[in-house]
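Here is a short set of exercises to work through with the structure in view. Try each task yourself before you read its solution.

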Amino acid sequence: MTSPIRLLADGHPETGFGPSSAVAKSDFTTENTSETISSFFQSKDEKISVGVWECAPCREEFDAYPVDEMMTVISGSLTLTSPDGTAQTFSAGDTFFMPKGTPCTWEITETLRKFYMIAS
């Protein structure tokens, strides 16, 4: 039997946060290169995942964002810039969706903690 899963900003109460490696060390923009993840759910086919991710300031270029992802910023700040130079900044409380294939520059300007739901 399944039931609703409460997502907690401080991570999963039983497993907490563990290391994550989504960002290349060379993409970090400060001496802080910490990146952690706390998983709350992954579908049996591993196509859907839900959790909390935290990352120090970094800057990444995406020719095509690799997954469909909905995010809610818990803390910190992120600026997404499209190839035409249009920039959008997201901070605590903002929710947004990144369609797979979106080209952008992803810049975390202040350590970011976010809820995520990824569909791959």
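**Exercise 1.** Which residues does Leu8 touch, not counting residues up to four places away in sequence? Then place Leu8 in the chain and decide how accessible it is.

*Solution.* Keep in mind throughout that this is a predicted model.
- Step 1: Find Leu8 in the segment before strand 1.
- Step 2: Leaving out residues up to four places away in sequence, Leu8 touches Pro13, Phe40, Val52 and Phe115.
- Step 3: Take one of these partners, Val52. Leu8 and Val52 are 44 residues apart in sequence, and their C-alpha atoms are 7.9 Å apart in space.
- Step 4: The relative accessible area of Leu8 is 32%, so Leu8 counts as partly exposed.

**Exercise 2.** Follow the pairing from strand 1 to strand 2 and on to strand 3: how many bridges join each pair?

*Solution.*
- Step 1: Strand 1 and strand 2 run antiparallel and are joined by two bridges. Pro19 has Thr36 of strand 2 as its bridge partner.
- Step 2: Between strand 2 and strand 3 there are seven bridges, again in the antiparallel sense. Here Glu35 is matched with Cys55 in strand 3.
- Step 3: Strand 2 and strand 3 form a hairpin, with five residues between them.

**Exercise 3.** Visit the loop between strand 2 and strand 3, where both Ser43 and Glu46 are found. Is Ser43 buried or exposed? Is Glu46 buried or exposed?

*Solution.*
- Step 1: Ser43 has a relative accessible area of 14%; buried means under 20%, so Ser43 is buried.
- Step 2: Glu46 has 54% relative accessibility; exposed means over 50%, so Glu46 is exposed.
- Step 3: Look at the side chain of Ser43, which reaches the backbone nitrogen of Lys47 at 3.1 Å.
- Step 4: Check the backbone of Glu46 as well: its phi is near 60°, a positive value in a residue other than glycine.

**Exercise 4.** With which side chains does the side chain of Ser20 make polar contacts?

*Solution.*
- Step 1: Locate Ser20 in the loop between strand 1 and strand 2.
- Step 2: The Ser20 side chain makes a polar contact with the side chain of Glu35 at 3.0 Å.
- Step 3: Another polar contact links the side chains of Ser20 and Trp53, at 3.4 Å.
- Step 4: Apart from residues up to four places away in sequence, Ser20 touches Glu35, Thr36, Ile37 and Trp53.

**Exercise 5.** Now move to strand 5 and strand 6. Which residue of strand 6 stands opposite Leu80?

*Solution.*
- Step 1: Strand 5 covers residues 68-81 and strand 6 residues 87-91; they run antiparallel, with five bridges joining them.
- Step 2: The residue opposite Leu80 is Gln88.
- Step 3: Strand 5 and strand 6 form a hairpin with five residues between them, and in its turn Gly85 has a positive phi of about 95°.

**Exercise 6.** Describe the largest pocket: what is its volume, and which strand gives the largest share of its lining?

*Solution.*
- Step 1: The volume of the largest pocket is about 390 Å³.
- Step 2: Its lining has 17 residues, and those nearest the centre are Ala22, Trp53, Tyr65, Glu69 and Ile118.
- Step 3: At least two lining residues come from each of strand 2, strand 3, strand 4 and strand 8. The largest share, four residues, is from strand 8.
- Step 4: Sorted by character, the lining has 11 nonpolar, three polar and three charged residues.

Methods. Residues are numbered from 1 along each chain as its sequence is written. This is a predicted model: local features need pLDDT of at least 70, side-chain atom pairs count only at pLDDT 80 or more; totals for chains, interfaces and linings use all residues. Side-chain values use heavy atoms; hydrogens and water are left out. A polar contact is a pair of N or O atoms within 3.5 Å; within protein, one must be able to donate a hydrogen and the other to accept it, and residues adjacent in sequence count only if both atoms are side-chain atoms. Contact means heavy atoms within 4.5 Å. Two strands pair if DSSP finds at least two bridges between them. On a 1 Å grid over the protein atoms alone, a cavity is a set of points where a 1.4 Å probe fits but cannot get out, and a pocket is an open set with protein on both sides within 12 Å along at least five of seven lines; lining residues have an atom within 4 Å of a point. Grid points are joined across faces, edges and corners, and a volume is the space filled by probe spheres set on the points. Ala, Val, Leu, Ile, Met, Phe, Trp, Tyr, Cys and Pro count as nonpolar, Asp, Glu, Lys and Arg as charged, and the others, Gly among them, as polar. Buried means under 20% relative accessible area, exposed over 50%, partly exposed in between (1.4 Å probe, protein chains only).
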